[in-house]
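Got the viewer open? Let's take a short walk through this one, picking a few spots to select along the way.

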Amino acid sequence: MWGVSNERKPRIGAVTGALGALSGVIAGCGALAVAELASVPVRPEAGPVTAVGGAVIDRVPAPVKDFAIRTFGTNDKLVLQLGIVVLLALFAVALGVLAVRHRPAGSAGVLLFGAVGGWAAAGRPDGSLVDAVPSVVGAVAGSAVLYALTGLLRPSGAVTEPVAAGDTSPVGDAPTKGAGAEDGASAEGGAGIEGDARPVADNSAAAGGEAGPEAPATPEDPGTTGGEAPSPSGSGKPRLLLAKGTGGAGFDRRRFVLGAGAASVGAAGVGLLGRGLNSRSGAEAVASRTDLTLPAPVSRAAPVPRGAELDIDGLSRFVTSNNRFYRVDTLLRVPKLSAADWSLRIHGKGVRDELTLDYDQLLARGLVERDITLTCVSNQVGGEYVGNARWLGVPLAPLLREAGVRPPSKGGPADQLVARSEDGMTLGSPVDTVMDGRDAMLAVGMNGEPLPFEHGFPVRMVVPGLYGYVSACKWIRELELTSFDDFDVYWVKRDWGRRAPIKTQSRIDTPGPLADLKAGKVAVAGVAWAQHRGIDRVEVRVDDGSWHTARLAEEDSRDTWRQWVWEWNATPGSHRLQVRATDRTGRTQTADRVGTVPDGATGRHSVVVDVT
């Protein structure tokens, strides 16, 4: 009876479901493409993939970040981006299938994704409400595309028929012969309805007899003149009926193919346009760097001593080339700033005269050149996140003194120097350390050329002896004097230590792990570092035996790493080689194995080799 609800939601056939999923993917691509274009007047970093990825990085616990770096190395950002894209694709497929059954719900899901992207963009350290615009605009476009495409999957011409109690046939499936089908109707497809679905009247009889042309209409048998046909059983909820010759699927495949193709081409075109416009500002920055000639330093670094580089296969070069220098940061998109657009502000507690410098004014201060080894706090024992370069920059301490800053040891009120980058990242260095006479600088050059974009062009900070997460601010735009008690910087909020002097460490570069060696003389070699203290001694032992003193390469400065080598008379068998270093303060590298959190790993590096 009409008052009894036997209504079921339509079941989706395989073909229709697959095309719905395709619609979701096309809509998702369209949303991302429109968001890319919409980010042009805002900034490239406001795009949804970059924003969501940045939000993930901001909120991931320190151990997870440490695991990602340890597992994927410098490819951690690529892995994250691929993961986001895969999740977005799965999300788009699910919304597409949902939209086939319920178009408003599917479109609402796209809008929800846009809201998440907007929230992520606006919530970044350097974010604002304007940064949410690209994600929201893209979501609106994607929602409209999904609504339109899934609309093309609906029957274009059908009438309704009540669903009989107990009828389990899929709604929209063509009736088969013997089950109320018109002559010539087909049961093909099963996934939907196609062809010329013309409205028809169904004069099939109700259960218990046949109704002729003159049969009167009753509530149980409304007849055929009112536009709705009864089900074969004579009762139930209305459902769709097709006209004779519909072939079993009611959507126009040609229209869908044309619509999906147009949407795909449109998304590709809009995305390429947005990417091209966004890259234009990057091209200006590239031209700015390419055309830049840095002034000669007023204080040159001494030539690297001839004996500082040992000629041993497999040993790290004394100077790390720019393209091999490690990169660890939180950005999925490297900022590209032109030198003409850059400026630096120095302000805060204890600043007598606030300073604002543009790039030319900074260079006019006079540059110094120094060899300095940098180390990331995420570097595992024996890891590769350490590198040595020749830096060119402006000494930092004189700039601070010009602004009237005094270190706490001389009565100054601020004990923390907070550096802020273009992307809003904050790093905090002890003021006393920055102003104690070491070669802390605002670097503009690296290994004889302007800073690469990946390493902070136009300007970055370098402080010998401190891990990068508290000192090596790339793309720096601001220096604020404050105190550790008043302000926690980015990594401190994520359970990393406030003060982080680099720990004495050493590494075996050759032979490598599980190397197959021949018995006899074997050069065991590597590097050791203890920036701003210097390396005094390196020792190697075999199979927990006695320690043997290695030969040290000549020292360049106490702020650089030092190469070493020990000649081993290898004997057949499996052996474990272990190294330790002692710095100039007499502190020997500890054997206690501790992870990188909260202020750097400890332990001794070892490798296992096979000798025959």
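Start by selecting S421 and I476: I476, in strand β12, is the bridge partner of S421. Keep in mind as you look around that this is a predicted model. Now widen the selection to β12, residues 476-482, together with β7: six bridges join the two strands, which run antiparallel.

Next, show β7 on its own, residues 416-421. Is this strand buried or exposed? Six of its six residues are buried, so β7 is largely enclosed by the rest of the structure. In a regular strand, side chains alternate between the two faces of the sheet. Turn the view to check both sides of β7: Q416, V418 and R420 are on one face, L417, A419 and S421 are on the other, and all of them are buried.

Now add strand β8, residues 426-430, which is joined to β7 by five bridges and runs antiparallel to it. For one pair to click on, try V418 and its bridge partner in β8, G428. Then follow the chain through the hairpin that β7 and β8 form: four residues sit between the strands, and G424 in the turn has a positive phi of about 90°.

For the last stop, jump to N379, in the loop between β5 (368-375) and β6 (386-395). Why does N379 count as buried? Because its relative accessibility is 7%, and the cut-off for buried is under 20%. Which backbone atom lies 2.7 Å from a polar atom of the N379 side chain? That's the backbone nitrogen of Y385. Finally, bring up residues in contact with N379 beyond its neighbours within four places in sequence, including W529, T596 and A601.

Terms used
Residues numbered from 1 in each chain as written. Predicted model: local features only at pLDDT ≥ 70, side-chain atom pairs only at ≥ 80, totals over all residues. Heavy atoms only, no water. Buried < 20%, exposed > 50% of the residue type's maximum accessible area, 1.4 Å probe, protein only. Pairing = 2+ DSSP bridges. Polar contact = N/O pair within 3.5 Å; in protein donor to acceptor, adjacent residues only side chain to side chain. Contact = heavy atoms within 4.5 Å.
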